[in-house]
Amino acid sequence: MTAPLLSVKNLVKRFPIRGGLLQRVVDQVHAVDGVSFDLASGETLGVVGESGCGKSTTGRCILRLIEPTSGEVFFEGKNVTTASKDELRALARDMQIIFQDPYASLNPRMTVASIIGEALTIHGLTKTRAEYEARIVDLLETVGLSADHMRRYPHEFSGGQRQRIGIARALAVSPKLLVCDEAVSALDVSIQAQVINLLEDLQAKFGLTYVFIAHDLSVVEHISDRVAVMYLGRIVEIAPAKGLYTEPLHPYTEALLSAVPIPDPTVKRTRIRLQGDVPSPIRPPPGCHFHTRCPIAQKGLCDKEKPPLRESRPGHWVACHLRG
Ligand code: SF4
């Protein structure tokens with residue numbers, strides 16, 4: 001078996017909550033609670049879950065845009081979590097992120113050329129002005145824009161085009177791994193499909209590896225080789241996409257899937273409506289975090305013991321006492 005490109009081991013992130021006159025730490029948000037997975041080169045892992053489940057924090061901890069509280073991240077065998085500033089700068093060439101809101105993440109005062117070219121300058125990737133401009137034109141064309149767009153500003157573009165600029169900026173350093181953090185969530189459905197198709201084309205062309213974060217299982221279905229479902233900071237199920245969509249094991253995955261529309265009108269799916277809201281990540285429920293909403297929870301077991309993530313079928317892992 002080849003070594004994984006990315007390996008995340010028992011990642012934990014807690015955000016302190018400060019209060020009182022002295023701004024002492026009075027509590028903490030358990031944003032990521034022991035997340036582990038491996039990702040092979042060229043693979044796409046979809047990460048889904050409701051807002052606040054820790055998926056974006058996980059993505060940002062992988063790149064150390066947020067410092068993890070504990071756990072380790074390895075990229076090509078290098079420990080990202082202990083990397084020095086210089087090592088992180090070098091790693092930033094291999095690992096890039098695309099954000100949800102392309103407008104907020106693009107400086108409105110910079111031209112598209114400057115936005116895309118910034119990383120080329122920082123990493124000294126082009127030697128002459130002509131080479132720099134040719135690379136920017138090449139990147140724009142790679143994402144379906146044109147040389148005419150170079151001198152324009154972000155506000156002159158549609159949401160979909162702005163996300164293409166964000167992708168071109170990420171591609172400027174020829175990364176191996178892209179964390180797509182809700183990269184299509186703010187776009188209309190038809191534009192979402194275009195951007196997902198573009199990401200698939202880029203993956204085929206450049207051999208990219210994706211962590212594709214979204215709150216909706218329907219969005220990640222076509223792009224993902226495997227899918228991880230998160231609930232309150234933990235992965236509750238991780239499996240090859242086909243297995244997860246056809247035979248989900250975790251009750252939470254079943255509920256999420258029941259909300260995904262099916263294009264075939266002859267196929268009926270019963271919507272599972274979960275009771276209550278997602279509990280606060282400040283005080284997650286003991287045992288299985290999902291027990292307060294789980295339709296099959298067993299008293300005395302699910303509310304007391306944390307279910308381990310275990311392999312139920314080859315490659316299909318689930319964290320549930322009663323399933324798998
Ligand atoms: Fe439901 Fe219990 Fe399984 Fe958690 S461990 S998902 S509460 S059955």
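The exercises below work through two sheets and a ligand site in a predicted model.

In this predicted model local features need pLDDT of at least 70, side-chain atom pairs count only at pLDDT 80 or more, and totals for chains, interfaces and linings use all residues. Residues are numbered from 1 along each chain as its sequence is written, and side-chain values use heavy atoms, with hydrogens and water left out.

**Exercise 1. Work out the strand order of the open sheet of 4 strands and find its edges.**

Step 1. Strands (E, at least two residues) and helices (H or I, at least four) are DSSP runs, numbered from the N terminus. Two strands pair if DSSP finds at least two bridges between them.

Step 2. Strand 1 (residues 6-19) pairs with strand 4 (residues 70-75) in the antiparallel sense over 5 bridges; V12 has S70 as its bridge partner there.

Step 3. Strand 1 also pairs with strand 2, antiparallel, over 12 bridges, and R14 is bridged to H30 of strand 2. The hairpin of these two strands has 4 residues between them, and G20 takes a positive phi near 75°.

Step 4. The order is 2-1-4-5, with antiparallel pairing. Strand 2 (24-39) and strand 5 (78-79) each have a single partner strand, so one side of each lacks a neighbour in the sheet.

Step 5. Helix 1 (residues 55-62) lies across strands 1, 2 and 4, at about 115° to strand 1. Axes are lines fitted to C-alpha atoms, for helices over the stretch in contact (heavy atoms within 4.5 Å), and angles run from 0 to 180 degrees between N-to-C directions.

**Exercise 2. Describe the open sheet of 8 strands.**

Step 1. Its order is 6-7-8-3-9-10-12-11, and the pairing is mixed.

Step 2. Strand 6 (95-98) and strand 11 (310-313) stand at the edges with a single partner each, so each has one side without a neighbour in the sheet. The twist averages 20° from one strand to the next.

Step 3. Strand 9 (residues 226-231) and strand 10 (residues 234-240) pair in the antiparallel sense over 6 bridges, and R226 has P240 as its partner.

Step 4. Helix 6 (residues 189-206) lies across strands 3, 6, 7 and 8, at about 160° to strand 8.

**Exercise 3. Which residues come nearest to the ligand?**

Step 1. Among the 13 residues around the ligand (a heavy atom within 4 Å), C288, C294, C302, C320 and H321 come nearest.
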